[in-house]
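Work through the following exercises with the model open. Each one gives a task, then a solution in steps.

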Amino acid sequence: MSTPELTRAAIEKILHEFPDPETGRSLVSLGQLKDVELDGDRLNLTVGLTSFSAALWDSIRSELADFVRSRLPQLQQVEVQVVPHERPAEKLGVVGVPAKAVIAVGSGKGGVGKSTVAALMAYGLSAFGSKVGLMDADVFGPSIPHLIGSEGEPVLRSGRIQPVVVDGITVMSMGFLVPAGEAVIWRGPMLHNALTQFLRDTDWGELDYLIVDMPPGTGDVAISLSQLVPVTGAVVVCTPQDVALLDATKAVTMFRRVNIDVLGMVENMSHFVCPNCQTRHEIFSSGGARQRAQELDVPFLGELPINIQIRVLGDLGKTRSCLEELSIRPYVDGLCQRLVRNIVNRRRRSPVLPSLTVL
């Protein structure tokens, strides 16, 4: 097979084969090839990427450069610059949520730090540059308002709920609407109606990701969520010991039965590193979630350690500040990057179809 001639036309033809990470369709056909500068055997490309893939911009820059070099080996240098590219989110499901991906964060049991992981994921994706919303679907025991340190109240404006905005993320929770210490005693239909209102009537703005903090267990919420909006996938949180892994397995089964793909498992409280001697202690064992994920054919997204600052900052309502801790930030970044990568790979295998305008 001969090497294509080194021309701008040949370069653009090759770039037609490179998929946009958000949709899985051609970058060129979507108008995201912004500039091509060819100087002899040196090539400078400028491509536009949406904030949906912000966590992967560095790796996609390298991936695109390698892609071009593999097809045009006569090039001695390929430089890729990424610039922001705007693309509005389409409204999803019968409730019309303006998000490019809806991620359910669940667990088979309580006490595994699911809400903390959901909040850290939301803040982590936002820190990379994505537009993120966080919905607390744990109506009976909402933890998100405490973790993010907000006592704000949503207001109704022109028939739309104006959510609370904290540290750059848009948040909605029953905890904003019910006085602290008051119990919510509802049957299933009332719960379904509340979720519908949260999703349909909240003015979320344009979102890349809507993170949904699910209640523990395998109850009504997963069924309602799957009926109201096309969920991109679920993240299952567990701790390493066997009793938690048994319940995590049930959570994976539940999501699959309501046709929600499982994007991965997270092992929370995986280990403890002594801040004085830096010795690693596996208090609840370690590696159980990775092994169980492999057995269930589920991606493993990573581990989060037992870290005193996660507890302290969560209790203070300053979970966002965990990203300022060098002992925490790399774990959160890795989790978010692997999550986005899994979504991107799925969309590249099955590209998102363009919406059609009905005349």
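A pocket is an open set of points on a 1 Å grid over the protein atoms alone, with protein on both sides within 12 Å along at least five of seven lines; a cavity is a set of points where a 1.4 Å probe fits but cannot get out; lining residues have an atom within 4 Å of a point. Grid points are joined across faces, edges and corners, and a volume is the space filled by probe spheres set on the points. The model is predicted: local features need pLDDT of at least 70, side-chain atom pairs count only at pLDDT 80 or more, and totals for chains, interfaces and linings use all residues. Residues are numbered from 1 along each chain as its sequence is written, and side-chain values use heavy atoms, without hydrogens and water.

**Exercise 1. Describe the largest pocket and its lining.**

Step 1. The volume of the largest pocket is about 530 Å³.
Step 2. Its lining counts 23 residues, and Glu22, Leu92, Lys100, Arg347 and Val352 are the closest to the centre.
Step 3. Two elements, β5 (97–106) and α10, give two or more residues each to this lining. Helices (H or I, at least four residues) and strands (E, at least two) are DSSP runs, numbered from the N terminus.
Step 4. α10 contributes the largest share, 3 residues.
Step 5. Sort the lining by class: 11 residues are nonpolar, 4 polar and 8 charged. Here Ala, Val, Leu, Ile, Met, Phe, Trp, Tyr, Cys and Pro count as nonpolar, Asp, Glu, Lys and Arg as charged, and the others, Gly among them, as polar.

**Exercise 2. Find the largest cavity and classify its lining.**

Step 1. The count is 1 cavity of 30 Å³ or more.
Step 2. The largest cavity holds about 30 Å³ of space.
Step 3. Its lining consists of Val117, Leu120, Met121, Leu304, Val332, Leu335 and Cys336.
Step 4. α3 (114–128) and α10 (329–349) each supply at least two of the lining residues.
Step 5. By class, the lining has 7 nonpolar residues, no polar and no charged.

**Exercise 3. Lay out the sheet and the helices on it.**

Step 1. The open sheet has 3 strands in the order β1-β2-β3, with mixed pairing. Two strands pair if DSSP finds at least two bridges between them.
Step 2. β1 (33–39) and β3 (77–84) are the edge strands, each pairing on one side only.
Step 3. From one strand to the next, the twist averages 15 degrees.
Step 4. β1 and β2 (residues 42–49) pair antiparallel over 6 bridges. Asp35 stands opposite Thr46 in β2.
Step 5. Helix α1 (residues 8–15) packs on the sheet and touches β1 and β2, its direction making about 140 degrees with that of β1. Contact means heavy atoms within 4.5 Å. Angles run from 0 to 180 degrees between N-to-C directions; axes are lines fitted to C-alpha atoms, for helices over the stretch in contact.
Step 6. Helix α2 (residues 57–71) lies across β2 and β3, at about 140 degrees to β3.
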